[in-house]
Amino acid sequence: MSTNDDVVVTGLGATTPLGGDVTSTWEALLAGRSGVSRITDDWIAEFPAQLVARLAADPAEQIDRVRARRLDRSQQVAVVAADEAWRSSGAGDAGVDPERIAVVFGTGIGGALTLLGQDDVLEEKGPKRVSPFTIPMLMPNGPAAAVGLAVGAKGGVHAPVSACASGAEAIRWGLDLLRFDRADVVLVGGAEACVHPLPMAGFAAMRAMSTRNDEPERASRPFDKGRDGFVLGEGAAALVLERGDAARARGATIHARLAGAGATADGYDLVAPHPEGEGAGRAIRAALRDAGLTPADIGHVNAHATSTPVGDTAEAAAIRGALGEHVLVTATKSQTGHLLGAAGALESVFTILALREQIVPATANLDDPDDDAAVQALDIVRREPRRAQLTAAVNDSFGFGGHNIALVFTTA
Amino acid sequence: MSEDIQAGLAEILEEVAGVAPADATPEKSFTEDLDVDSLSMVEIATEVENKFGVAIPDDELANIKTVGDAITYITNNRG
């Protein structure tokens, strides 16, 4: 292994439906709390799916007021999570040349609230009343750009867009930037904030969302026989990546190593996953090869598992096929909801904390595992978190479009 | 009259650009003294139209350099 291949995680940040930072989110996750609630606004009345996982803390209240009003909510959450990761890493005080600092921040949908809100202004008041900040607030590179500006990154700012794999894709991209020596520190992550009638209606029209409206906290139930779709969530998560030698030289806290990544495309359907998770399995295998590890090394998988009927069984088949039946699997969307373009980043934070703390969070609401052979065969942690000796773990992320990303983290 | 306009403009500047009302005095340059960027100037023009009913065309907006310039323009063009 060359020195450039040793990439470590030195900062973590998050703002989620479970908490306004990493610590509160992780504690709520281990405590089994749910971030899901039922929408009570008038507009929801005719909607079949009425559940949402709202942020625990309003990001606008954590940002200067004038700055906040020029940022879409997706940018606000990105800035809040990135700020936590950046501060906790200490990289900003390490004298790194700004031209060697890069940002990679993904989103699935981008500034939907601005796009739709300003369209209302256009319709109601005319073109002259549309905000001059409309475009920088709605563009999908908006969260990345806002984060780049916040930390003074001049070494490149990038914004992968691959639906619900965007956050994981950002992490993979960051790994490549460091391996190819394009930067010394990379702030990576994902952000999403699109709770609005249109996306809600669109996902509902795909029959992708849970309609278990009377039981909000029990609606997101990955791998359970009674699952009926995902719950839309909002939030962001961020990680600071740098090369291990540099991080150790400056005495940084190393949470984990980012040991490898794999990216594939299903080549099967625009939205439906391959039923046996063929592309997903290939991504996991590719990530293992990249990390120089074997299936026996992997002790834990944070699954993408969104609680849709088709997706969860396809992923179970992929995990079983690529890694075997010994891994401890968890599906944290059971408590956070599905943060779309932020999901891969948030679940990578959870994967890293599982390695660091040697504990696997439980999959909530998994009362009656699906009859599917792979689901039955896998050891899916449920009811309560499980202590385990872990040295390596995988985070899966998949997105509409057939995007598959697998990331391998190892203990520091 | 111009005191009302100055106070109204100060409210807009505080809301849009975070300028403290006490700083919104006639001699202040928007870009040099108050750190108001070009997109914010467009937003300020929109708010001026909302508050005072005075539309500021782009070519006129380019000539408005100071808070005093804005007060004069609003005063002269108010119906």
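Modeller: Let's start with a word we'll need: two residues are in contact if their C-beta atoms, placed from the backbone, lie within 7 Å. And keep in mind that this is a predicted model.

Colleague: Okay, so what makes domain 1 and domain 2 of chain A count as touching, and how many residues are in contact?

Modeller: Going by that 7 Å cut-off, 58 residues of domain 1 of chain A are in contact with 55 residues of domain 2 of chain A. Domain 1 covers 7-249 and domain 2 covers 261-410. Their C-alpha centres lie 20 Å apart.

Colleague: Which elements of domain 1 of chain A supply at least two residues each to the side that touches domain 2?

Modeller: There are helices and strands in that set: α1 (22-30) and α7 (166-179), along with β1 (7-15), β6 (185-192), β7 (232-233) and β8 (235-243) of chain A. The one that gives the most is α7(A), with eight residues. By class, this side of domain 1 has 30 nonpolar, 18 polar and 10 charged residues.

Colleague: Now the whole of chain A. How many helices and strands are there, and why is chain A called as compact as a globular protein of its length?

Modeller: Chain A has 14 helices and 16 strands. Its radius of gyration is 20 Å, and the globule rule gives 22 Å for 412 residues; the two are close, so chain A is as compact as a globular protein of that length. Along the principal axes, the C-alpha trace of chain A spans about 60 × 55 × 40 Å.

Colleague: And where chain A meets chain B, how many residues are in contact?

Modeller: Six residues of chain A are in contact with six residues of chain B. On the chain A side, those residues are three nonpolar, one polar and two charged.

Colleague: Let's go inside chain B. Why are α1(B) and α4(B) called oblique to each other?

Modeller: Look at the angle. The axes of α1 (residues 2-17) and α4 (residues 67-77) of chain B come within 10 Å and cross at roughly 120°. Roughly perpendicular is 65 to 115 degrees, and roughly antiparallel is over 145. The angle of roughly 120° fits neither, so the two helices are oblique. Their crossing is right-handed.

Colleague: Which residues of α1(B) and α4(B) meet there?

Modeller: From α1(B), you have B:Ser2, B:Ile5, B:Gln6 and B:Leu9; they meet B:Val67, B:Ala70, B:Ile71, B:Ile74 and B:Thr75 in α4(B). Sort the residues of this contact by class, and you get six nonpolar, three polar and no charged.

Methods: Residues are numbered from 1 along each chain as its sequence is written. Chains are lettered from A and ligands numbered from 1 in the order in which they are written. This is a predicted model: local features need pLDDT of at least 70, side-chain atom pairs count only at pLDDT 80 or more; totals for chains, interfaces and linings use all residues. Axes are lines fitted to C-alpha atoms, for helices over the stretch in contact, and angles run from 0 to 180 degrees between N-to-C directions. Helices (H or I, at least four residues) and strands (E, at least two) are DSSP runs, numbered from the N terminus. Angles under 35 degrees count as roughly parallel, over 145 as roughly antiparallel, 65 to 115 as roughly perpendicular and the rest as oblique. A crossing is left-handed if the near helix is turned anticlockwise from the far one by less than a right angle, and right-handed if clockwise. Ala, Val, Leu, Ile, Met, Phe, Trp, Tyr, Cys and Pro count as nonpolar, Asp, Glu, Lys and Arg as charged, and the others, Gly among them, as polar. Domain bounds come from an automatic or database domain assignment. The radius of gyration is taken over C-alpha atoms; the globule rule is 2.2 Å times the number of residues to the power 0.38.
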